[in-house]
Amino acid sequence: MASATGDEAAAMDSISRAPAAPPAAVSAAVSASVAGNDQTEAPVDGAEAASSAPKKGDSGVETAEEAVEPSEPDINVLCGDMFEKMAIFLQGELTATCDDYRLLENMNKLTSLKYMEMKDISINISRNLQDLNNKYASLQPYLDQINEIEEHVTSLEQAAYKLDAYSKKLEARFKKLEKR
């Protein structure tokens, strides 16, 4: 998988971070929800409201305060942010996949070209081999004649050696007869 660079990397990095609620917005939301109750004190945040002890009202009767959870930031804003980040992430994934397919397509094209070159080379080699076989076939009668001549030369050479040996014997006999 290809790694993201630049803006994509920053966007993907921000996806991994949890959005932090601004403290002023939480405090204002808690204050607004507490203001709806008939209380004299407003807690600063939701944790204080949940842990506060029962208080006495104006009439001297103790009343319990309702535990108020901190207000979450607008869910629509968070959903929109999540969808934007997911879109950026998916765009990066699809871009990487498209790049991988383009690379594979280019590699296939280059391989096809190499195979076509190899096919042309093999056709040329086959053609040259056929030409050599034809030339060898046309030279075959001459090669046969050369072999035949070589056999005749060999037999003449053997006859010459025999004749030489015979002539040496005759010469030796002639010298013997001459001495007598």
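Five salt bridges turn up in this predicted model, where a salt bridge is a side-chain nitrogen of Lys or Arg within 4 Å of a carboxyl oxygen of Asp or Glu. Three of the pairs described below sit in helix 4, and the surface patches come after them. Since this is a predicted model, local features need pLDDT of at least 70 and side-chain atom pairs count only at pLDDT 80 or more, while totals for chains, interfaces and linings use all residues. Residues are numbered from 1 along each chain as its sequence is written, and side-chain values use heavy atoms, with hydrogens and water left out.

**Salt bridges in helix 4**

- E105 and K109 pair up through their side chains, with an N to O distance of 3.7 Å. Both belong to helix 4 and are four residues apart, or about one turn of the helix.
- E105 is partly exposed, at a relative accessible area of 42%. Here, buried means under 20% relative accessible area, exposed means over 50%, and partly exposed is in between (1.4 Å probe, protein chains only).
- D164 and K168 make another salt bridge, again with 3.7 Å from N to O. About one helical turn separates D164 and K168, because they are four residues apart in helix 4.
- D164 is partly exposed at 36% relative accessible area, whereas K168 counts as exposed at 52%.
- K175 bridges to E171, and their closest N and O atoms are 3.6 Å apart. K175 and E171 are four residues apart in helix 4, so about one helical turn lies between them.
- Both ends of that bridge are partly exposed: K175 has a relative accessible area of 46%, and E171 has 45%.

**Patches on the surface**

- First, the ground rules: patch residues have over 30% relative accessible area and no salt bridge, with like charges joined within 9 Å and nonpolar side chains (Val, Leu, Ile, Met, Phe, Trp, Tyr) within 5 Å.
- For charge, Lys and Arg count as positive and Asp and Glu as negative, while His and the chain ends are not counted. The place of a charge is taken as NZ of Lys, CZ of Arg, CG of Asp or CD of Glu.
- The positive patch is made of K169, R173, K176 and R180. R173 is part of helix 4 and is exposed, with 60% relative accessible area.
- D144, E148, E150 and E151 come together as a negative patch on the surface. One of them, E150, lies in helix 4.
- A nonpolar patch brings together M82, F83, M86, F89 and L90, which share about 470 Å² of accessible area. Its member L90 lies in helix 4 (residues 75–179) and is partly exposed, at 45% relative accessible area.

**The whole chain**

- The protein chain has four helices and two strands, and they run in the order α-α-α-β-β-α along the sequence. Helices (H or I, at least four residues) and strands (E, at least two) are DSSP runs, numbered from the N terminus.
- Of the chain's 180 residues, 6% count as buried.
- About 15,400 Å² of the protein chain is exposed, and carbon and sulfur atoms supply 59% of that. Such areas come from the Shrake-Rupley method with a 1.4 Å probe; for residues, only the protein chains shown count as cover.
- Among contacts with a separation of 6 or more, 41% link residues 24 or more positions apart. A contact here means heavy atoms within 4.5 Å.
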